[in-house]
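Reader: I am in my first year and would like a close look at a single part of this model. Please take one chain and explain how its pieces meet each other and how they meet the neighbouring chain.

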Amino acid sequence: MSGKPKLHYFNGRGRMEAIRWLLAAAGVEFEECFLETKDDLTKLQKDGSLMFQQVPMVEIDGMKMVQTRAILNYIAAKHNLYGKDLKERALIDMYVEALIDLYELLMTHAFQPADKKEQHFANIVDKTTNRYFPVYEKVLKDHGQDFLVGNRLSRADVHLLETLLMAEECKPDILAQFPLLQSFKARISNIPTIKKFLQPGSQRKPPLQEKDVPKLMKIFH
Amino acid sequence: MAGKPKLHYTKGRGKMESIRWLLAAAGVEFEEEFIETKEDLEKLRTDGLLMFQQVPMVEIDGMKMVQTRAILSYIAGKYNLYGKDLKERAWIDMYVEGTTDLMGMIMYLPFQPADTKEKNLALIIERATTRYFPVYEKALKDHGNDYLVGNKLSWADIHLLEAILMAEECKPDILSAFPLLQAFKGRISNIPTIKKFLQPGSQRKPPTDEKFVAFVRKIFNI
């Protein structure tokens, strides 16, 4: 009965992608059940599988877990990617929460109405290069180690890599002023489990295309 | 070097209120430094005290912690309000994320354009009574214990009480269909540290009014 974790979401990144990344980085095989229509979502809601009627939902270790952060926290702790004590966890949490903020900014780009897109893009670039990336560049510079926290791979590194790659999808040269983030990107991408996830054919999802937005709105609205 | 935690925020609820609740419930005395002008916020930024240029920021145990959830998780972990193992933590996290979503809706209500207020208030009440409260009512019913997780006070209970009181400010009889939540509210409110926090003169902040909205818009440029 306890087999691989089973992910319930639509066939796209959204709020599930960070979970896919973390499971993959931890070397955990997982299955996916994709919502294709509103009926698929309604069915899950009606059979009581969704605590707050929302996805993501992940069946794992006998639980039907919901709420992205709760799921990520559980996976990270279970697979020793959450630091060795409270203080390391505090640092990891601070770094990760900011990356979630940045991710939301990047993720909502496809949903912007045409007249707001340019301004939104400018805001993304500004926040990324002035508010967020300098912090991680400085962290790596100050301790000179390969990983963000505790000289050891943690969820913070996995989330950061995911975010770096998403930012580059927005603007390919966005890491130009951040040499340590560039080498971080290469280094973390080479970790075997992550390298595998980055290859074609993995369960990593492509960026949201504008043409897919209407279908999504139908399921979730 | 360990003194009382020091909270940096405006003198209102916002994202800091849940942190005040948790510290108070844990019996931890704390100090507050209020941002009163744009210059106060600028100074915190230029002094390099805000990792991502944002508040809340809490000076605690030699750290300048930012990001609300990071701060809450640290306090909960430190004061044994985060369950006894991974599974209890998972339940606490799920419950807390639910109450965070509900309180987030209520928190933003005063900032919505006037012509959407009525519709948004109706949505809050609908969500509270059909999506969120039933979950907590059922949790209490199913195990029959006094607390949400592990038969012991946790962050989830404190956060739920805060959410219940905020929801009642929106609609005083909002708990009418939830007898167990009513009993829960009475019970948790009576815990000495929480009872003290609920009394006038505590560091609990009042509901956000129009004056405060204007003030926040000015300071944070929103």
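Author: What follows is a walk through chain B, with a short look at chain A at the end.

The model is a predicted one, so the numbers below are computed from predicted atom positions.

Start with how chain B is divided. The domain assignment splits chain B into domain 1, made of residues 6-79 together with 198-212, and domain 2, residues 86-191. Domain 1 of chain B is therefore written as two stretches of sequence, as the assignment gives them. UniProt, in an unreviewed entry, also carries two domain features for chain B. The feature "domain: GST N-terminal" is placed at residues 3-83, and "domain: GST C-terminal" is placed at residues 85-208.

The two annotated spans can be described by their secondary structure. Residues 3-83 of chain B are 36% helix and 20% strand, and the C-alpha atoms at the ends of this span are 26 Å apart. Residues 85-208 of chain B are 67% helix and 0% strand, with 37 Å between the end C-alpha atoms.

Next comes the meeting of the two assigned domains inside chain B. Their C-alpha centres lie 22 Å apart. In the contact, domain 1 of chain B takes part with 16 residues and domain 2 of chain B with 15 residues. As a general point, the size of an interface is often given as the accessible area lost when the parts come together. For domain 1 and domain 2 of chain B, the buried area is about 1300 Å², and carbon and sulfur atoms account for 66% of it.

Charged and polar pairs also cross this boundary. Between domain 1 and domain 2 of chain B there are three salt bridges. B:R69 and B:E97 form a salt bridge in which the closest N and O atoms are 2.8 Å apart. The interface of these two domains also holds four residue pairs in polar contact, both residues being at pLDDT 80 or more. On the side of domain 1 of chain B, the elements that give two or more residues are helix 1 (17-25) and helix 3 of chain B. Helix 1 of chain B supplies the largest share of that side, five residues. By residue type, that side of domain 1 of chain B is made up of seven nonpolar, four polar and five charged residues.

Now turn outward, to where chain B meets chain A. Here 33 residues of chain B are in contact with 31 residues of chain A. Together the two chains bury about 2900 Å², 66% of it on carbon and sulfur atoms. Within chain B, the residues that lose the most area to chain A are B:F52, B:M94 and B:R131, which together make up 22% of what that side buries.

The count of salt bridges between chain B and chain A is two. B:E97 forms a salt bridge with A:R69, and the closest N and O atoms of this pair are 3.9 Å apart. B:E97 is thus a residue to look at twice: within chain B it pairs with B:R69, and across the chains it pairs with A:R69. Between the chains there are also six residue pairs in polar contact, with both residues at pLDDT 80 or more.

Four elements of chain B each give two or more residues to the side that touches chain A: strand 4 (63-66), helix 3 (68-78), helix 4 (86-108) and helix 5 (117-143). Helix 4 of chain B gives the most, with 11 residues. The chain B side as a whole divides into 16 nonpolar, six polar and 11 charged residues.

Finally, chain A can be set beside this. Chain A is divided into domain 1 (6-79 + 198-213) and domain 2 (86-190), and the C-alpha centres of these domains are 22 Å apart. In chain A, 18 residues of domain 1 are in contact with 17 residues of domain 2. The area buried between these two domains of chain A is about 1600 Å², with 62% from carbon and sulfur atoms. Four salt bridges link domain 1 and domain 2 of chain A. A:R13 and A:E169 meet in a salt bridge with an N to O distance of 2.8 Å.

Key. Residues numbered from 1 in each chain as written. Chains lettered and ligands numbered in written order. Predicted model: local features only at pLDDT ≥ 70, side-chain atom pairs only at ≥ 80, totals over all residues. Heavy atoms only, no water. UniProt positions renumbered as here; feature names shortened; annotations may be inferred. Contact = heavy atoms within 4.5 Å. Buried area = accessible area lost by both parts, 1.4 Å probe. Salt bridge = Lys/Arg side-chain N within 4 Å of Asp/Glu carboxyl O. Polar contact = N/O pair within 3.5 Å; in protein donor to acceptor, adjacent residues only side chain to side chain. Nonpolar A, V, L, I, M, F, W, Y, C, P; charged D, E, K, R; others polar.
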